[in-house]
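Below are some remarks from a colleague's reading, set out as numbered points. Please keep the coordinates open while going through them.

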Amino acid sequence: MFRLIHISDLHLGPLPAARIRDLASKRILGYVNWRRNRSRAFGDDVEAALIAAIAAERPDHVVVTGDLVNIALAGEYATASAFLGLLGSGDVVSAIPGNHDAYVPGAARRARKAWATYMTADTGEPTGWPYVRRRGDIAIVGASSAVASGPFMATGTFSEEQEERLAIALDKLGRAGLCRVVLIHHPPVKGATAWHKRLSGASRFRKVIARYGAELILHGHTHQPTRLSLAGPKGNVPVIGVSAATQRPDGEHPAAGFNLFDIEKIDAGFQIWHRLMQVTPGGAFAETRSEEIVSPGP
Ligand SMILES: [Fe+2]
Ligand SMILES: [Fe+2]
């Protein structure tokens, strides 16, 4: 059995003191927004409880589907690196960036450099998306939808180049009989987000899944613990989101949570036991939902 934990949207604080020069561009809006809302809604106490709850489950691997930071200031990358370090080394933790990690032009490149150890392919390739990492019967395929967008926008992009690379990877990994777990920050399902938060190029992503399939698609961005699906060649592929990982339990958004998957290879594919764990008003994480997913396999 392989135990995989999925977290997302940490929006780690506090923000380092920003110089007025750093706040030019879209960052000024993000800074005001963080001061007004996010610093209240996201908590250090939840962060500590989250790390303890994850450690208690003794996962084989942890995946982080983006939005580690808020407005992509240099000091925020270091905070996020320290957080990732608490989860484990790059052998047992994989990450992809979200739109907040790519908040302004050039930020996405800096995020990949800062968190390279969690985003590097098994082949050692430091560039290009998606990357592929194999752990036992599991293949982690990390795509990136993170691009800088205009003021009041939180869109993502799935490029033609990634479409091609994802198709090649899923075909190859499927033939090898692996449980293919695809990571992407923005949900690739039609209508899953408001227009200003959508994934452009999502139809490219859906086309690849329809043709080659996947066993699990994990995303963040919505801050909602949702279960959607995309059509695959052998039936529906589960598309699973999660609440923001450090969201306080008393806010307007769903309380902080993580997805826990126990994955077992069976004769005709994979049996996946999915549990959603969320923080309670008392501060501890507890199971709030569970389901069995039987995947027909590649
Ligand atoms: Fe987010
Ligand atoms: Fe996001």
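1. Four donors count as tetrahedral if all angles lie between 85 and 135 degrees, and as square planar if opposite donors are over 155 degrees apart and all others between 65 and 115, while anything else is irregular. In this predicted model, the four donor atoms around the iron ion (ligand 2) subtend angles of 87 to 164 degrees, and the arrangement is therefore irregular.

2. Which residues supply the protein donors of this iron ion (ligand 2)? They are Asp67 through OD, Asn99 through OD1, His185 through NE2 and His221 through ND1, lying 2.2 Å from the ion. Along the chain these donors of the iron ion (ligand 2) follow the spacing D-x31-N-x85-H-x35-H.

3. The site also involves a second metal, since the iron ion (ligand 1) lies 3.5 Å from the iron ion (ligand 2), and aspartate 67 coordinates both. Histidine 185 sits in the loop between β7 (179-183) and β8 (199-200), and histidine 221 in the loop between β9 (216-218) and β10 (227-232), so the pair ties together parts that are 36 residues apart in sequence.

4. Both histidines are worth checking for accessibility: histidine 185 is buried, with a relative accessible area of 0%, and histidine 221 is buried as well, with a value of 8%.

5. Turning to the helices, α1 (residues 27-41) bends by about 50 degrees at tryptophan 34, and Trp34 is one of the buried residues of α1, together with Arg27, Gly30, Tyr31 and Arg38. The buried residues of α1 pack against α4 (107-114).

Terms used: Residues are numbered from 1 along each chain as its sequence is written. Chains are lettered from A and ligands numbered from 1 in the order in which they are written. This is a predicted model: local features need pLDDT of at least 70, side-chain atom pairs count only at pLDDT 80 or more; totals for chains, interfaces and linings use all residues. Side-chain values use heavy atoms; hydrogens and water are left out. Donors are N, O and S atoms within 2.8 Å of the metal (3.2 Å for Na, K and Ca); water is not among the atoms, so sites may look incomplete. Four donors count as tetrahedral if all angles lie between 85 and 135 degrees; four count as square planar and six as octahedral if opposite donors are over 155 degrees apart and all others between 65 and 115; anything else is irregular. Helices (H or I, at least four residues) and strands (E, at least two) are DSSP runs, numbered from the N terminus. Buried means under 20% relative accessible area, exposed over 50%, partly exposed in between (1.4 Å probe, protein chains only). The bend at a residue is the angle between axes fitted to the seven residues ending there and the seven starting there. Contact means heavy atoms within 4.5 Å.
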